[in-house]
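Here's a quick walk through a two-chain model, starting with one partner and then moving to where the chains meet. Have the structure open while you read.

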Amino acid sequence: MSFVRKTADRIAGLVVRYASPGSKEWAQAIESELLYIESDWRALGWALSGVRVLFDPQPAPLRTMADLDVEAQKHAERRLHAVNNGWLVTNVRLFVPLVFALESLVDVAIGRHILSNTVLLLGLLLLAPMLYLRTREPNVPDRDDNAGLVRFYVDELSAISSNSLTFWMFVVGALLMIFGFELEIRFGWESVISLLWLLGLLLFLAKHRQNRRRLAQVEALLDTTSDSFS
Amino acid sequence: MQLRRTPQTVQVLREFLDAPLEWRHGYDLSRSSGLKSGTLYPILIRLTENHLLETRWEASENGKPPRHMYRLTQAGKRFARECVAEVRNIAIGEPVFGNPS
């Protein structure tokens with residue numbers, strides 16, 4: 001086996017290993033095709049192009065209503081767990097922005113870094129609606145009520161994955177907050193904090209995309225099921 | 001149905017419509033459509049998620065690994081014909097050098 005062919009095999013193997021649960025089967029499909037491609041260079045091109053599957057994470061497939069029921073149950077349990085955590089743990093994510101808001105308010109009051117603190121405060125203000133929605137206690141249906149649990153799951157997915165005004169306020173707010181913070185520090189190791197926030201925002205956007213895909217899967221499954229009943 | 005009708009998606013659907021009853025494999029589709037694996041497979045994933053495509057693994061006899069095969073479902077065939085016709089209508093209706101006035 002040539003070096004080029006070996007490299008192609010290795011790349012395809014890595015893609016299979018690190019593919020998301022929903023893309024695993026597809027990564028295996030790309031890998032299995034390699035042996036049917038006669039030219040080594042074409043095989044390398046095929047494997048290299050397949051790396052893109054890694055950057056397109058997919059949630060695990062939902063094939064039957066039973067899969068959907070299990071997923072809805074899991075979601076309900078997670079939400080109940082969040083409720084049982086109590087007020088302090090549920091609202092802990094509000095404390096960090098609150099501390100930053102108070103600090104910025106004090107800075108503005110004493111006339112220090114007025115521009116950067118105003119931008120930061122504006123950003124925090126835009127974050128507020130999404131943070132409030134995320135910390136609200138959900139009304140989770142009973143464990144035996146399968147239809148109710150699925151409805152609850154779909155409603156929550158629709159709410160958190162829609163490109164609503166709250167979502168865009170959150171994105172703009174987070175960017176303003178990062179920009180305001182950068183304006184204040186200019187240079188130095190504190191830039192790491194902005195980078196971490198940026199990373200957090202990117203993770204949030206990736207999760208948002210994942211939720212949209214899951215909702216599309218659920219809707220497609222529900223459509224097919226209703227078609228087969230009608 | 002949340003499926004973007006990109007030119008590449010329509011291209012893949014057109015390939016399937018050429019032989020709607022046949023099971024096709026990825027490399028074959030890639031060669032006939034000119035799409036690379038990184039473009040082709042995300043499209044196949046989305047089509048399958050929307051239940052427009054059915055998939056199966058076909059065992060090979062000569063010791064090679066099984067191949068992932070694809071075929072349009074009934075809904076897929078309807079959707080593919082719709083998409084291809086839509087693109088054809090747009091192409092016929094659109095003047096090449098802007099609106100005649």
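Let's begin with how chain B is wired: among its contacts between residues at least 6 apart in sequence, 51% join residues at least 24 apart. Bear in mind that this is a predicted model. Chain B has four helices and three strands, and from the N terminus on they run α-β-α-α-β-β-α. Of its 101 residues, 28% count as buried.

Now for the contact between the chains. Chain A puts in 21 residues and chain B puts in 18 residues. On the chain A side, α2 (24-33), α3 (40-50) and α10 (191-229) each supply at least two residues, with the largest share, five residues, coming from α2(A). Here's that side of chain A sorted by class:

| Class, side of chain A touching chain B | Residues |
|---|---|
| Nonpolar | eleven residues |
| Polar | seven residues |
| Charged | three residues |

What about the nonpolar cores? The largest one has 31 residues, and A:I30, A:A47 and B:L44 have the most contacts inside it. Both chains feed this core: α1 (3-18), α2 and α3 of chain A, plus α1 (7-18), α3 (37-49), β3 (67-72) and α4 (74-93) of chain B, each give at least two residues. The top contributor is α3(B), with six residues.

Zoom in on A:A47 and you'll find that, leaving aside residues up to four places away in sequence, A:A47 touches A:A8, A:I11, A:A12 and A:L34. Apart from this core lies another, of twelve residues, including A:L126, A:F170, A:A174 and A:I178.

Technical notes. Residues numbered from 1 in each chain as written. Chains lettered and ligands numbered in written order. Predicted model: local features only at pLDDT ≥ 70, side-chain atom pairs only at ≥ 80, totals over all residues. Contact = placed C-beta atoms within 7 Å. Nonpolar A, V, L, I, M, F, W, Y, C, P; charged D, E, K, R; others polar. Buried ≥ 20, exposed ≤ 12 C-beta atoms within 10 Å, placed from the backbone. Core = buried A, V, L, I, M, F, W, Y, C linked by C-beta atoms within 7 Å.
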